[in-house]
Amino acid sequence: MEPGHSEGTARTRHLPGDCQAVSSVLARIGDKWTVLVVMMLADGPRRFSELKRAIGGVSQRMLTLTLRGLERDGLVTRTITPTIPPRVDYELTELGQSLRRPVEALGDWVFEHLPEIHRARTAFDTRAEEDRQPG
């Protein structure tokens, strides 16, 4: 069996450019801000300011870049309502909705394994500190 294939799937040849294409999509959907935006939009449309407040720590520029990237990839739509000031709402597309389940599963995995991860980090940091000590 070739890497990346499981039993029962048709064997397909991947072209050299396929890895690059997959990599660019994984970079988008694996970004921490993207994951948080997808989770915030899972229950319906939100205004930019709502998203910014809900996702603490994201700068206006980073949120703008994240939303533009998601819009470019067809995961989010942007609707402008001509009011003063203009109202801008963001919503997951059907494709974006299909990303919810994997993102939620990843989040569930993190919560389930967070204590183990914290223990591993503490052990690693302790070993690294011991290695830095003259001795």
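Me: How many residues apart do Glu-104 and Arg-100 lie in helix α5?

Reply: In this predicted model, the side chains of Glu-104 and Arg-100 form a salt bridge, with their closest N and O atoms 3.6 Å apart. An α-helix has 3.6 residues a turn, so residues three or four places apart point the same way. Both Glu-104 and Arg-100 belong to helix α5, and their separation is about one turn of the helix, namely four residues.

Me: Is Glu-104 buried, partly exposed or exposed?

Reply: A residue counts as buried under 20% relative accessible area and as exposed over 50%, with partly exposed in between. Arg-100, its salt-bridge partner, has a relative accessible area of 24% and is partly exposed. Glu-104 has a relative accessibility of 28%, so Glu-104 is likewise to be called partly exposed.

Me: Which residue forms a salt bridge with Glu-129?

Reply: The partner lies in helix α5 together with Glu-129, three residues apart, which is about one turn of the helix. Glu-129 is partly exposed at 36% relative accessibility, whereas the partner is exposed, with a relative accessible area of 58%. The closest N and O atoms of the pair are 2.8 Å apart, and the residue that meets Glu-129 is Arg-132.

Me: Is Asp-89 buried or exposed?

Reply: The side chain of Asp-89 meets that of Arg-87 in a salt bridge, with an N to O distance of 2.8 Å. Arg-87 is partly exposed, its relative accessible area being 31%. For Asp-89 the relative accessible area is 13%, and because the limit for a buried residue is under 20%, Asp-89 is classed as buried.

Me: Which residue in β3 does Arg-46 stand opposite?

Reply: Strand β1 covers residues 46-47, and it pairs with strand β3, residues 87-92, in the antiparallel sense over two bridges. Across this pairing, the residue of β3 that stands opposite Arg-46 is Tyr-90.

Me: Which strands stand at the edges of the sheet?

Reply: The sheet is open and has three strands, paired antiparallel in the order β1-β3-β2. Two of these strands have a single partner each, so one side of each is left without a neighbour in the sheet, and these edge strands are β1 (46-47) and β2 (76-81).

Me: Within what arc do the buried residues of α4 fall, seen down its axis?

Reply: The buried residues of α4 are Leu-63, Thr-66, Leu-67, Gly-69 and Leu-70. Seen down the axis of α4, they line one face of the helix, because the arc within which they fall is 160°.

Me: Which residues are exposed on the other side of α4?

Reply: One side of α4 holds buried residues, among them Leu-63 and Leu-67. The residues exposed on the other side are Gln-60, Arg-61, Arg-68 and Arg-72.

Me: How far apart are the end C-alpha atoms of helix α4?

Reply: Helix α4 runs over residues 60-72 and has 13 residues, which at 1.5 Å a residue should span 18 Å. Just after the helix, Gly-74 takes a positive phi of about 80°. The expected span agrees with the distance between the end C-alpha atoms of α4, which is 18 Å.

Me: What is the area of the nonpolar surface patch made by Leu-106, Trp-109 and Val-110?

Reply: Val-110 is found in helix α5, residues 94-132, and counts as partly exposed because its relative accessibility is 31%. Together with Leu-106 and Trp-109, Val-110 makes a nonpolar surface patch with an area of about 280 Å².

Note on methods: Residues numbered from 1 in each chain as written. Predicted model: local features only at pLDDT ≥ 70, side-chain atom pairs only at ≥ 80, totals over all residues. Heavy atoms only, no water. Patch = residues over 30% accessible without salt bridge, like charges linked within 9 Å, V, L, I, M, F, W, Y side chains within 5 Å. Areas by Shrake-Rupley, 256 points an atom, 1.4 Å probe, with all protein chains shown as cover. Salt bridge = Lys/Arg side-chain N within 4 Å of Asp/Glu carboxyl O. Buried < 20%, exposed > 50% of the residue type's maximum accessible area, 1.4 Å probe, protein only. Expected span 1.5 Å × (residues − 1). Arc of directions from axis to C-beta. Pairing = 2+ DSSP bridges.
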